[in-house]
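Please take a moment to look over the sequence and the model before reading on. The paragraphs below lead through the structure step by step, beginning with a single pair of residues and then widening the view.

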Amino acid sequence: EGGGGGGGKQVRRVACGAFGRADFEEQVYRAREPVILEGADFGAAVDVWTPQYLRERAGDTRVSVHVAREGRLNFLQRNYNFRTMPFRELVDLIFCRSRDSDGAGGEPAAAAA
């Protein structure tokens, strides 16, 4: 799989069971590059943290969101603005966008709480 961006560097895949904590810190953490973790055990969160659960638990929390004018953020061209919204609204935008992934419409491209 490519790494999000036209013509960018491929994202390395890491099998989580292949090494221990010290190896992970040396080969993944210190590299400070994105990786795809394969076979990671995230516990119950994968099944419990549904959109409905997230809305109920943190829905009223206000978050600052990058809103891009195009489909992707470009930090060099600053093609985005910040918008503050309730977390439930962000959850709704993310999950509606994932079902209709045309990438247009000034929707959040990334979030930072």
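Which residue in strand 4 does Val67 stand opposite? In this predicted model, the residue that faces Val67 from strand 4 is Asn81. That pair belongs to a wider arrangement, since strand 3 and strand 4 (residues 80–86) pair in the antiparallel sense over seven bridges.

With that pairing in view, the whole chain can be laid out. The protein has four helices and five strands, and, read from the N terminus on, these elements follow one another in the order β-α-β-α-α-β-β-α-β. Of the 113 residues of the protein, 16% count as buried. The protein exposes about 8,400 Å², and carbon and sulfur atoms supply 51% of that area. If one takes the contacts between residues at least 6 apart in sequence, 41% of them join residues at least 24 apart.

The inside of the structure is a good place to continue. The largest nonpolar core is made up of five residues, namely Val63, Val65, Val67, Met85 and Leu90. Strand 3 (residues 62–68) gives the most to this core, with three residues. Strand 3 is also mostly covered, for five of its seven residues are buried. Val67 therefore appears in two parts of this account, as a member of the largest nonpolar core and as the residue opposite Asn81, where "buried" is taken to mean under 20% relative accessible area.

Between strand 3 and strand 4 runs a loop, and Asn79 lies in that loop. Is Asn79 buried or exposed? At a relative accessibility of 4%, Asn79 falls under the 20% limit and so counts as buried. Its surroundings can be listed as well: leaving aside its neighbours within four places in sequence, Asn79 is in contact with Val67, Ala68, Arg69, Glu70, Arg72, Leu73 and Asn74.

Another loop residue gives a contrasting picture. Arg32 is found in the loop between helix 1 and strand 2, and at 69% relative accessibility Arg32 counts as exposed. The backbone of Arg32 also deserves a look, as this residue has a positive phi of about 50° although it is not a glycine.

From the loops we can turn to charged side chains. How many salt bridges does a search of the whole structure find? The search finds six, and three of the pairs are described here in turn. In one of them, the side chains of Glu25 and Arg21 meet at 3.0 Å, N to O. Both residues lie in helix 1 (residues 21–29), four residues apart, which is about one turn of the helix. Glu25 is partly exposed, with a relative accessible area of 28%, whereas Arg21 is exposed, with a relative accessible area of 67%.

In another salt bridge, the side chains of Asp92 and Arg55 meet at 2.5 Å, N to O. This pair links distant parts of the chain, with Asp92 in helix 4 (residues 87–99) and Arg55 in helix 3 (residues 51–58), 37 residues apart. Asp92 has a relative accessibility of 31% and counts as partly exposed. A further salt bridge brings together the side chains of Arg83 and Glu89, at 2.2 Å, N to O. Arg83 counts as partly exposed at 34% relative accessibility, and Glu89 is partly exposed too, with a relative accessible area of 28%.

Helix 3 also holds Glu56, which is exposed, with a relative accessible area of 57%. Glu56 and Arg88 are 32 residues apart in sequence, while their C-alpha atoms are 8.0 Å apart in space.

Finally, the surface itself has a nonpolar feature. Which residues make the nonpolar surface patch of about 510 Å²? This patch is made by Phe24, Tyr29, Leu37, Phe42 and Val46. Leu37 lies in strand 2 (residues 35–38), and Leu37 is partly exposed, with a relative accessible area of 34%. Leu37 can belong to a patch because residues in patches need over 30% relative accessible area, and its value of 34% meets that requirement.

Terms used: Residues are numbered from 1 along each chain as its sequence is written. This is a predicted model: local features need pLDDT of at least 70, side-chain atom pairs count only at pLDDT 80 or more; totals for chains, interfaces and linings use all residues. Side-chain values use heavy atoms; hydrogens and water are left out. Patches are made of residues with over 30% relative accessible area and no salt bridge: like charges are joined within 9 Å, nonpolar side chains (Val, Leu, Ile, Met, Phe, Trp, Tyr) within 5 Å. Accessible areas come from the Shrake-Rupley method with a 1.4 Å probe; for residues, only the protein chains shown count as cover. A salt bridge is a side-chain nitrogen of Lys or Arg within 4 Å of a carboxyl oxygen of Asp or Glu. Buried means under 20% relative accessible area, exposed over 50%, partly exposed in between (1.4 Å probe, protein chains only). A nonpolar core is a set of buried Ala, Val, Leu, Ile, Met, Phe, Trp, Tyr and Cys residues joined through side-chain atoms within 4.5 Å. Contact means heavy atoms within 4.5 Å. Two strands pair if DSSP finds at least two bridges between them.
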